[in-house]
Amino acid sequence: MADSTTPPAASPPAGAAPAPKPGPAADPAAMDPRKVIRSPAYLSALILAAILGIPISAVAYGFLTLVSKIQTYIFTTLPHDTMGGTAPAWWPLPWLLLCGLLTGLTVRYLPGNCGHSPAFGFQAGGGPPSGKELVGVFLAALTTLSLGAVLGPEAPLIAIGGGLAALTVHLVRKDAPPMAATIMASAGSFAAVSTLLGSPVLGAFLIMEVAGIGGATLSLVALPGLLASGIGALIFLGLGNVTGLGTFSLSLGTVPPDVDPTVGSLGWAIVMGVVGAGLGWLIRWGGLSLRPLVHMNRVLVTAGLGLVVGASAMTYQLVTGNSFTQVLFSGQDALPQLVSHATEYSVGALILLVICKGFAYSLSLSAFRGGPVFPSMFIGAAIGIAASGLPGMALAPAIAMGIGAMCAAMLRLPMTSTLLATLLLGADGISVTPQVVIAVAVAFVVTFLLPVPGPKPLTALPV
């Protein structure tokens, strides 16, 4: 695929099957939903989706557990056992170097490019990964997420879930029609990612908004996916109770006090939208600008970028005294702690955290493999906490506006960004919805008014 700084407008997420092209069998206008739903083939697809939700959710849970165990051992247990205390500031350097080396080797030598570059956001290049390509997706994501690069697990889970479902369809019936493969791959992606995001509905919005599916096709594809994700939620909950490891679902835990919207906070929502769009543009510009350099020597450059990511985290700990882990990783696990201890951070420390995390995020987008959602949320929350002391601002709406604005700038999915910001606050999310909507709308519009980030493509590079 030719290198480009702007992804296709209606591409499904990595791992999810692409929306069916208009035609006699797939055109929503020509499709009779009643006839399709009553057909034995569609009823069989519903049953298969429910069945597939069990093993795919178990695989997703196992993957997240493995990532968590490796992170805890390397960055907490190992320095305690070897040095008798917490990890020193330099500790991330060798591990991020190893992270870049292993990820670079995986992407360079395994088939399928190990997924798509997260610098382009969510997109797909020809449907879910094949059986051989799934190995590369799994290994590249495992090294990226476990060893400290600043990306999230949602894109690999979407790819793994969609790939496993498509592989199952192929094994069960090699001559299965494209519509069946689309439905089952989407169901697999639903099952893998929905519980991670804390809601099957939120997962559905993410996948459907990226794919650009509407009308009758939306209902027919969403139903098996929602069924699979519902089963997956039960599997996550059951495994969390049995193992005692938790569900790995997105949650703040401690929610800031609920406040009513004010004229002041609505005004600040416009400012937050502009700030989120500007920062998101800088992050994407850095990631896209480095991609040509990465493709000159995938292994060496990725290892070097990993080392710089580690240096950014080290700098943050040396200057603020706070742990370098706040800069590393996706931010999913650190976000609840950041919010619950919001009053303990100075504005200067929060600004440095945003700079270091954003810089490391930009570098990670250029060469590593993962998703863009959780780092965007963490950076947005940090911006919101820093801005919460402004006149007319309160903590809850500031955090929600920051998350919404950053997600809109990085994902370019306004509905999903709004839901991410409001659902994260639970019942209090209702009261901050007006501010979030304004922040998301402003960030989304400004993002498309700004110049396309990154250099003009000079050579054809794989995604």
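User: Why is M406 called buried?

Analyst: In this predicted model, M406 has a relative accessible area of 1%, and because a residue is buried when that value is under 20%, partly exposed when it lies in between, and exposed when it is over 50% (1.4 Å probe, protein chains only), M406 counts as buried. M406 belongs to helix α14, which covers residues 395–411, where a helix is a DSSP run of H or I with at least four residues, a strand is a run of E with at least two, and numbering goes from the N terminus.

User: Which residues does M406 touch, and how far is its C-alpha from that of F378?

Analyst: Leaving out residues up to four places away in sequence, M406 touches G276, L279, G280, I283, S376, I379, G380 and I383, a contact being heavy atoms within 4.5 Å. F378 stands 28 residues from M406 along the chain, and their C-alpha atoms are separated by 9.1 Å.

User: On what basis are such values counted in this model?

Analyst: The model is predicted, so local features need pLDDT of at least 70 and side-chain atom pairs count only at pLDDT 80 or more, whereas totals for chains, interfaces and linings use all residues. Residues are numbered from 1 along each chain as its sequence is written, and side-chain values use heavy atoms, with hydrogens and water left out.

User: What is the confidence of the chain, and what should be noted about residues 1–30?

Analyst: The mean pLDDT of the chain is 82, and 81% of its residues reach 70 or more, pLDDT being the predictor's confidence in each residue on a scale from 0 to 100. Over residues 1–30 the pLDDT is below 50, and the 91 contacts that this stretch has in the model, beyond near neighbours in sequence, are to be read together with that value.

User: What makes up the secondary structure of the chain, and how much of the chain is buried?

Analyst: The chain has 16 helices and zero strands, and buried residues make up 55% of its 463 residues. Among contacts with a separation of 6 or more, 83% join residues 24 or more positions apart.

User: Why is helix α15 described as largely enclosed by the rest of the structure?

Analyst: Helix α15 spans residues 414–423, and seven of its 10 residues are buried, so the helix is largely enclosed by the rest of the structure. The buried residues in α15 are T416, S417, T418, L419, L420, A421 and T422.

User: Is A141 buried or exposed, and which residue far along the chain lies 5.9 Å from it?

Analyst: A141, in helix α4, has 1% relative accessibility and therefore counts as buried. The residue is G370, which is 229 residues from A141 along the chain, with 5.9 Å between the C-alpha atoms. Not counting residues up to four places away in sequence, A141 touches F63, P156 and R369.

User: Why does S362 count as buried, and what does it contact?

Analyst: S362 has 7% relative accessibility, so it counts as buried; this residue lies in helix α12, residues 347–367. Apart from neighbours within four places in sequence, S362 is in contact with L282, I283, G286 and G287.

User: Why is L105 called partly exposed, and which patch includes it?

Analyst: L105 has 34% relative accessibility, and therefore counts as partly exposed. L105 sits in helix α3, residues 92–109, and forms a nonpolar surface patch with L98, L101, L102 and Y109, with about 420 Å² of accessible area together. Accessible areas come from the Shrake-Rupley method with a 1.4 Å probe, and for residues only the protein chains shown count as cover. Patches are made of residues with over 30% relative accessible area and no salt bridge, with nonpolar side chains (Val, Leu, Ile, Met, Phe, Trp, Tyr) joined within 5 Å and like charges within 9 Å; a salt bridge is a side-chain nitrogen of Lys or Arg within 4 Å of a carboxyl oxygen of Asp or Glu.

User: How do you know that the span of helix α10 is close to the expected one?

Analyst: Helix α10, residues 298–320, has 23 residues and reaches 33 Å from its first C-alpha to its last, close to the 33 Å expected at 1.5 Å a residue, the expected span being 1.5 Å times one less than the number of residues. Just after α10, G321 takes a positive phi of about 85 degrees.

User: What is noted about the phi of N113 and of F329, and why do these residues count as buried?

Analyst: N113 has a positive phi of about 65 degrees although it is not a glycine, and F329, also not a glycine, has a positive phi of about 70 degrees. N113 lies in the loop between α3 and α4, and its relative accessible area of 18% is why it counts as buried. F329 lies in the loop between α10 and α11, and with 12% relative accessibility it therefore counts as buried.
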